[in-house]
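Got your viewer open and a selection box ready? Load the model below, and let's walk through it stop by stop.

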Amino acid sequence: MRVGVVGTGYVGLVTGTCFADSGNTVTCLDINADKIARLNRGEIPIYEPGLEELVERNVRAGRLKFTTDTAAAISGAEVVFLAVGTPPAADGSADLSALWRVVESIAPHLHPQAVIVTKSTVPVGTCAGIEQRLKAALGRDCRVASNPEFLKEGAAIEDFQKPDRVVVGVRSADVGEVLRTLYSPFLRTENPFLVMSPESSEMTKYVANALLATKISFINEVANLCERMEADIDDVRRGIGHDSRIGFAFLFPGAGYGGSCFPKDVQALAAMARDKGVSPRILTAVHETNLAQKQVLGEKIATHFGGRLTGTRVAIWGLAFKPRTDDVRDAPAIDLIERLLAGGAVVSVYDPEAMANVRGVYGDRITYAADPYEAIDRADCLAIVTEWGDFRRPDFDEMARRMASRTIFDGRNLYAPAEMKSRGFAYHAIGKTPV
Ligand SMILES: NC(=O)c1ccc[n+]([C@@H]2O[C@H](COP(=O)([O-])OP(=O)(O)OC[C@H]3O[C@@H](n4cnc5c(N)ncnc54)[C@H](O)[C@@H]3O)[C@@H](O)[C@H]2O)c1
């Protein structure tokens with residue numbers, strides 16, 4: 001099939017590349033000329049494991065192209081995926097301005113039989129809105145579908161090629177069949193292809209993310225309680241996780257959830273509820289609990305140093321909102337850096353992939369270390385914010401030699417407290433009594 005993808009971010013680039021890899025001819029369109037120029041030079045603007053090789057292979061095979069030319073990307077496409085950003089507006093609702101601009105700009109170039117598919121996470125009713133706008137612009141009905149994306153950054157290729165399920169929202173069975181054909185190479189292991197209305201499909205994406213975020217905020221609240229009750233969150237987690245009704249997934253306490261999806265999608269669903277006169281009590285609590293959780297590491301550090309951070313040397317391991325990505329959007333590390341700088345601390349950071357993105361925000365207000373050990377040189381404490389594999393089994397002797405004070409605030413519970421104590425570290429984990 002001939003496929004057009006609008007927006008070459010984390011979702012659009014992975015979507016376009018994976019469809020090209022399954023034999024389709026794909027043109028990816030973006031308004032960011034610099035991004036397109038880099039892609040055309042063979043540079044991948046984001047870090048996503050496995051993506052570079054896959055892009056290179058499909059560009060070489062002539063199946064994958066990048067352009068800023070709307071007509072070139074859209075006019076021949078049988079299916080057009082919309083994968084532009086839908087960031088939060090000031091009131092928490094999804095800002096659809098980029099999406100509407102795209103709808104307007106692609107309309108004159110659409111083939112009459114083209115299927116226009118929202119891959120972006122969009123509020124319920126957006127498909128219907130696109131149908132109306134296209135009808136107003138073109139004077140005819142267009143085939144519009146919803147196909148939310150469930151990939152996880154850091155495992156995006158694997159998730160796209162082996163999805164747990166594919167959800168499509170369509171008004172007619174034939175549009176569902178077009179999408180089933182496109183996805184069929186990824187459904188060979190009988191993963192479900194779920195066909196529903198666009199409204200249910202749009203809702204499904206928000207509900208999935210909101211439920212996962214709810215689990216995280218729930219376990220974080222429980223972890224904070226454990227600290228005050230001399231209970232250990234890991235024991236409690238095991239105690240509940242073996243209950244087959246509960247399970248272990250997404251019940252790890254930490255420094256709060258971040259990224260470009262959970263924070264904005266929880267708020268957008270809450271805004272949709274308010275818009276319908278429904279009070280989103282759980283969603284509001286999930287969001288507020290998370291905002292508070294992102295402050296926990298900073299609070300613990302400030303308390304440890306008697307409220308005086310001026311001149312305190314704090315090292316941070318991990319900046320990305322999770323491992324195996326360079327994405328720092330809404331990352332807990334950003335909240336921590338803000339707090340530390342506001343208190344006058346001297347901050348040194350290390351992340352295997354996300355340093356450039358953080359440098360773009362903080363410039364020379366913080367120090368960027370070449371490796372984890374350089375970051376902790378003469379540090380008064382270390383805060384661990386992202387659970388990169390690199391940090392799981394460090395050289396503790398080297399750490400002890402480098403640090404001015406052997407003090408660790410672990411926002412991801414990477415180490416065993418007893419071992420840290422025996423090695424002479426003061427170790428503060430989440431949901432555990434400090435040692
Ligand atoms: N990142 C994820 O893990 C993830 C997962 C599932 C769903 N989503 C959803 O997918 C959507 C995209 O997310 P993302 O992380 O890929 O965003 P992103 O910010 O990485 O990429 C968006 C891209 O769209 C481009 N763009 C903006 N306006 C445009 C226009 N008028 N014409 C062409 N291109 C335009 C931008 O230049 C950018 O390259 C969002 O709705 C998000 O919620 C994201």
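The tour goes from the whole chain to its domains, the ligand, the core and then a handful of single residues.

**Stop 1: the whole chain**

Before selecting anything, keep in mind that this is a predicted model. Show the cartoon: the chain carries 18 helices and 14 strands. Drop a box around the C-alpha atoms, along the principal axes, and you get roughly 70 × 50 × 40 Å. Does that fit a globule? For 435 residues, a compact globule would have a radius of gyration near 22 Å, and the chain's 23 Å agrees with that.

Now colour by burial. Of the 435 residues, 47% come out as buried. If you have a contact map handy, look at contacts with a separation of 6 or more: 71% of them join residues that are 24 or more positions apart.

**Stop 2: the domains**

Give each domain its own colour. The domain assignment puts domain 1 at 2-196, domain 2 at 206-292 and domain 3 at 294-428. Measure between the C-alpha centres of domain 1 and domain 3 and you should read 37 Å. Even so, these two domains touch, with eight residues from domain 1 and seven residues from domain 3 taking part. On the domain 1 side of that contact, you'll find five nonpolar residues, one polar and two charged.

**Stop 3: the ligand**

Next, select the ligand and expand to its shell. Which residues are closest to the ligand? Out of the 26 that surround it, the closest are Gly7, Gly9, Val11, Ser120 and Thr121. Two elements give two or more residues to this shell: helix 1 (10-21) and helix 5 (97-106). Colour the shell by class and it divides into 11 nonpolar, 10 polar and five charged residues.

**Stop 4: the core**

In soluble globular proteins, nonpolar side chains tend to be buried together. To see what that looks like here, pull up the largest nonpolar core, which has 123 residues. Label Val80, Ile316 and Ala383, the ones with the most contacts inside this core. Then highlight helix 9 (residues 198-229), the top contributor with eight residues.

Zoom in on Ile316. Skipping residues up to four places away in sequence, Ile316 touches Ala333, Leu336, Val347, Val349, Ala383 and Val385. Ala383 is therefore both a contact of Ile316 and one of the labelled core residues.**Stop 5: two helix residues**

Go to Phe262, in helix 11 (residues 262-275). Is Phe262 buried or exposed? Buried, because 23 other C-beta atoms lie within 10 Å, and the cut-off for buried is 20 or more. Draw a distance to Leu212: the two are 50 residues apart along the chain, and their C-alpha atoms are separated by 8.1 Å. Leu212 is also on the contact list of Phe262, along with Asn209, Ala213 and Tyr257, once residues up to four places away are left out.

Now hop to Leu283 in helix 12 (residues 281-293). Leu283 counts as buried too, with 25 C-beta neighbours inside 10 Å. Beyond four places in sequence, the contacts of Leu283 are Ala210, Val266, Leu269, Ala270 and Ala273. Measure to Ala268 as well: 15 residues along the chain, 9.7 Å from C-alpha to C-alpha.

**Stop 6: three loop residues**

Start with Asn24, in the loop between helix 1 and strand 2 (25-29). Asn24 has 19 other C-beta atoms within 10 Å, so this residue is partly exposed. Select Arg63 next: Asn24 and Arg63 are 39 residues apart in sequence but 6.5 Å apart in space, C-alpha to C-alpha. Besides Arg63, Asn24 is in contact with Met1, Val3 and Phe19, leaving aside neighbours within four places.

For the last two, bring up a Ramachandran plot. Most residues other than glycine have a negative phi. Phe250 has a positive phi of about 60° although it is not a glycine. You'll find Phe250 in the loop between helix 10 (233-241) and helix 11, where its 14 C-beta neighbours inside 10 Å make it partly exposed.

Asp330 is another non-glycine with a positive phi, about 55°. Look for Asp330 in the loop between strand 9 (313-317) and helix 14 (332-342). What is its burial class? Asp330 is buried, because 20 other C-beta atoms lie within 10 Å.

Terms used. Residues are numbered from 1 along each chain as its sequence is written. This is a predicted model: local features need pLDDT of at least 70, side-chain atom pairs count only at pLDDT 80 or more; totals for chains, interfaces and linings use all residues. A residue is near a molecule or strand if its C-beta atom, placed from the backbone, lies within 6 Å of it. Helices (H or I, at least four residues) and strands (E, at least two) are DSSP runs, numbered from the N terminus. Ala, Val, Leu, Ile, Met, Phe, Trp, Tyr, Cys and Pro count as nonpolar, Asp, Glu, Lys and Arg as charged, and the others, Gly among them, as polar. The radius of gyration is taken over C-alpha atoms; the globule rule is 2.2 Å times the number of residues to the power 0.38. A residue is buried if 20 or more other C-beta atoms lie within 10 Å of its own, exposed if 12 or fewer, and partly exposed in between; C-beta atoms are placed from the backbone. Domain bounds come from an automatic or database domain assignment. A nonpolar core is a set of buried Ala, Val, Leu, Ile, Met, Phe, Trp, Tyr and Cys residues joined through C-beta atoms within 7 Å.
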